[in-house]
Every structure is written in structure tokens, then in C-alpha cells.
Amino acid sequence: MEKQRYYGSLSTFQWFIFLLANSIALPIVIGGVFHLSVEEISDLMQRTFFVVGISSFIQGWLGHRYPIADGPAGSWVSVFVILAGVAVQEGQNTKETLQLLEGGLIVAGLLLFILGITGLVNRLLFLFTPLVTGSFLLILALQLSGVFLKGMMALQGEPPHLEYGTTAISFAVFSLVIMLSIKGKGWIKSYAVLIGILLGWVLFAVLGKTSNTFSGSVALVKLPEIFVWGAPKLNAGMVITSILFTFILVSNTIAAVSAVKQVVSESKKDEKQTINRGTWAGGISHFISALFSTIGIVPLPVSAGFIQLTGQKRIGPFLIASLALSGIALIPAIVSFLAMLPGPIASAALLASFVQLIGIAFQSILREELDQRRLTILGITLLIGIGLMFLPADIFQGLPSILQYIFSNGLLVGTMIVILLEQLWNPTKD
């Protein structure tokens, strides 16, 4: 019994670290893009921890009911970044842009809630074939791999240059997590991610590479504020963007559930009901994200990679870890301490999970025979979707903001291409 409690506690702690690692980086990115102060970024991080914990718990308890970590959506970040650039070009107040983004989150949340609660999302399921889901996961993994590689290399200065010591430690952690997950036995294999993060953090501290210093806050408990960016606003462009983006959010939920079902093979849950619940719960998550002025929170498909890496399939430790993350978000001193987790170490551990996600993407694609039609669709999707990621950031500046967002987002374009080609190219006519 004591042994079970011990391993249960370790499982909870490892899920907690995984939730935390997925929540730290993107608030810092958004803070830099919108020129937020250090205090504002710290508050955004607190609100993000709180919303991620609540959202993950709602999904795990009432929504899809799988151990799938929620976190800030990398695809939503691209919307934030592009609209911030548009605001700067047009001389607008970036705070007004953040208010528009709050409105966009509410619109997307409303659409998701309606699609899920009415079951209408099931009428869209035919669009998300194994090829579509696999392509989405593959492009998502490749898109975010660049973000995490940059995080591991700790690029500094202008033009950016490598910090070689930090990069070496990051790749050592990445290699250690992969090695332990393959060669490790028993609990060592199960806690590969946790071991890698803790050892990397200790090594950073010993070598004096931790740039943050812990400072306790005067307030013992601090409740997260609501509508910090101001009252939500909307315009026609944001409404259209949110409607289009809802398809990506549905794709994300289906991909996350499908990926986790592949690694939690004993699951007997009804897929349609699971997607219904996951979709309306995702709508609630978006309402909460808007209420607390954070980046849109979504189920993270990389959770499947984490489960495959660690073998952590139980829902109990995940739910406890989710509540724990929301709980510590109310204590500023703990938030300050956790913010000391080196970004390069978090990025290295997450990239290791994405190795497994790449494999899950290919498994999904190969669930159906790769005939000439599917190979062609896959090739076009990857060439255009990934190719857009390599174009200069300002190449679409002359277009309206909504078109800037669409064409600057390889994940959105790639997903739309594979869905359209799958439906328009009827295999029976070949």
C-alpha cells in the first residue's frame, strides 16, 4: 500500500511538472510581443497556471475524460503575434488588440460549446480521416519543434547567437529523457521526463546558469484578476478569424483524443460521446481563458507522446496534478519559484515528448493504405503547410489582417488543404 502511494505521488508530481512545463514558455513569448512589463508577464503566468489547471481538470472529469494535459495553444499564439504586428504597423494600441483577442476567444468558445452540447460536431467527424488527423499531428509537431529548439539553444542578442553551455545541457537532458524512456527499467522508465527535468535544473543551478532569482511575495494568497486587458471587443475580422479557427480547435481536440486512444489501448469509451464532451468542455475552457485574459487553452496532442514515454495512463494522478497547478497559482511565492524552472530544460523535455508524437502521427497516417491518392494529398499538404513556416514573417504585410493570419499559419493552411483534398478527390472515381 505504501509503495502504491509512493508511486502515485510520483505520478502526480510528474504530471504536475508536465503541465507546468507546457504552461511556462508561451506567456513569456506573448509578454515580449506585446511589450508587457515583468510584473505583467508574472501575472499572466499566474493566470495561465490557474486556467490550465482548471481546464485540464474539467476535461479529465467531465469532458473527454482522458489524461490529456491542456495548455496554451501554439496555434492561438500565432494569432496573437500576427495581430500584434498589425497593431504596431497601423499605430494602434496593443491593449485594444488584446481586448479583441478576448472577444475572439469568447466567439470560438461559444461555437465549440454549441457544436459539442448539440452533438453537431459529430456531423463534422467524417472530415477528420486518419490522413487528416495524422497530417495535423505531423505539422503541429514540426511547427512547434522550431519553438522548442530555439528554447533549448537559448538564442541571445541581435543578431541571435548560441549560448553553447546552455545548449549542451539542453541536448544532454533531451538525450537522457529519450535514453531512459527506451533503455530504462521499471520506475526509471516511467519517470524519465521528471528525472531529466530535475537533473537538468540541478545542473543549471550548479553551473550558475539560472537567470531568475527567487523572491517571495508579500501577499500569501493572490486571486487571479479577470479581464486584465479590459472588456472584450469584437470586429468583423476577428469574428471571421474565430469562426475559421474553430475548425482548427475541433481538429486539435479530435487529434488529441485519437492520439491518446492509440496509447491507452484498453479504452472502450464511445468516440462520438467523447468528442462531444471534449468539444463543449473546450468551449468552457475558452470562456475561462477570455475571462482571465490568457492565451487560448486547448488539449495538447503531445500528451500522447508523454503517456507513451512514461506509461502514465491513470486519470487519478492527472486530476490531482491539475488541481494542484491551479492551487499553487494562488500563491505568488510558489509561482515565483516555479518560474525559475529554466526554459531550455522545459523545452528539452517537451521536445522529447514530440519524438513520440511524430511516431503517433505516422501510425495514424498508416492506418489506411498509402495509395497514390493519399500519398499525393500528403505530399501537397506537407509541402505547402510546412513550406509556409519558412517564409519571411512580414511577407504578407500588405494583406488584410485576417488573410495575414491565414497565410502565415502553416498548420491552418495545411489542415484545410488535407481536408479539402480528402473530400474533393473521391477515391471511387480513380
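**Stop 1: helix α11**

Start by selecting Val 302, Ser 303, Ala 304, Gly 305, Phe 306, Ile 307, Leu 309 and Thr 310, the buried residues of α11. As you look around, keep in mind that this is a predicted model. Helix α11 covers residues 302–310, and 8 of its 9 residues are buried, so the rest of the structure largely encloses this helix. Now step just past the end of α11 to Gly 311, where phi is positive, at about 75 degrees.

**Stop 2: helix α10 and the loop after it**

Next, move back along the chain to His 286, which you will find in helix α10. Is His 286 buried or exposed? With a relative accessible area of 1%, His 286 is buried. Add Gly 296 to your selection and show the C-alpha atoms: those of His 286 and Gly 296 are 5.9 Å apart, although the two residues are separated by 10 residues along the chain.

While you are here, pick out Ser 293, in the loop that runs between α10 and β2 (297–299). Its phi is near 50 degrees, a positive value in a residue other than glycine. Ser 293 has a relative accessible area of 0%, so it counts as buried.

For another positive phi, jump to Arg 65. Where does Arg 65 lie? It sits in the loop between α2 and β1 (70–72). Here phi is near 65 degrees, and again the residue is not a glycine. Arg 65 counts as partly exposed because its relative accessibility is 37%.

**Stop 3: a nonpolar patch on the surface**

Switch to a surface view and select Leu 110, Ile 114, Leu 120 and Phe 287. Together they form a nonpolar patch with about 310 Å² of accessible area. Phe 287 belongs to helix α10, which spans residues 271–291. At 31% relative accessibility, Phe 287 is partly exposed.

**Stop 4: the second largest pocket**

Now for some open space. Rolling a probe the size of a water molecule over the atoms shows where empty space is left. The second largest pocket has a volume of about 250 Å³. To see what surrounds it, select the lining residues: Leu 125, Phe 128, Thr 129, Pro 130, Thr 133, Ile 254, Ser 258, Lys 261, Gln 262, Glu 271 and Arg 367.

Which helix gives the most to this lining? That is α9, with 4 residues. Try colouring α5 (130–153) and α9 (236–263), since each of them supplies at least two of the lining residues. If you colour the lining by class instead, you will find 4 nonpolar, 4 polar and 3 charged residues.

**Stop 5: the salt bridges**

Finish with side chains of opposite charge. How many salt bridges does the structure hold? There are 5.

Begin with Lys 95 and Glu 40, whose side chains meet in a salt bridge at 3.5 Å from N to O. This pair links distant parts of the chain: Lys 95 is in helix α4 (residues 94–117) and Glu 40 is in helix α2 (residues 38–61), 55 residues apart. Both ends are partly exposed, with relative accessible areas of 32% for Lys 95 and 31% for Glu 40.

Then go to Glu 422 and Arg 373, a salt bridge whose closest N and O atoms are 2.7 Å apart. Glu 422 lies in helix α17 (residues 410–424) and Arg 373 in helix α15 (residues 372–387), so this pair ties together parts that are 49 residues apart in sequence. Are these two partners buried or exposed? Glu 422 is buried, with a relative accessible area of 8%, and Arg 373 is buried too, at 4%.

For the last selection, choose Glu 368, Asp 371 and Arg 374, which salt bridges with shared partners join into one network. Within this network, Asp 371 forms a salt bridge with Arg 374, and the closest N and O atoms lie 3.4 Å apart. Asp 371 is partly exposed, with a relative accessible area of 26%, whereas Arg 374 is buried, with 17%.

Technical notes
Residues are numbered from 1 along each chain as its sequence is written. This is a predicted model: local features need pLDDT of at least 70, side-chain atom pairs count only at pLDDT 80 or more; totals for chains, interfaces and linings use all residues. Side-chain values use heavy atoms; hydrogens and water are left out. A salt bridge is a side-chain nitrogen of Lys or Arg within 4 Å of a carboxyl oxygen of Asp or Glu. Buried means under 20% relative accessible area, exposed over 50%, partly exposed in between (1.4 Å probe, protein chains only). Patches are made of residues with over 30% relative accessible area and no salt bridge: like charges are joined within 9 Å, nonpolar side chains (Val, Leu, Ile, Met, Phe, Trp, Tyr) within 5 Å. Accessible areas come from the Shrake-Rupley method with a 1.4 Å probe; for residues, only the protein chains shown count as cover. On a 1 Å grid over the protein atoms alone, a cavity is a set of points where a 1.4 Å probe fits but cannot get out, and a pocket is an open set with protein on both sides within 12 Å along at least five of seven lines; lining residues have an atom within 4 Å of a point. Grid points are joined across faces, edges and corners, and a volume is the space filled by probe spheres set on the points. Ala, Val, Leu, Ile, Met, Phe, Trp, Tyr, Cys and Pro count as nonpolar, Asp, Glu, Lys and Arg as charged, and the others, Gly among them, as polar.
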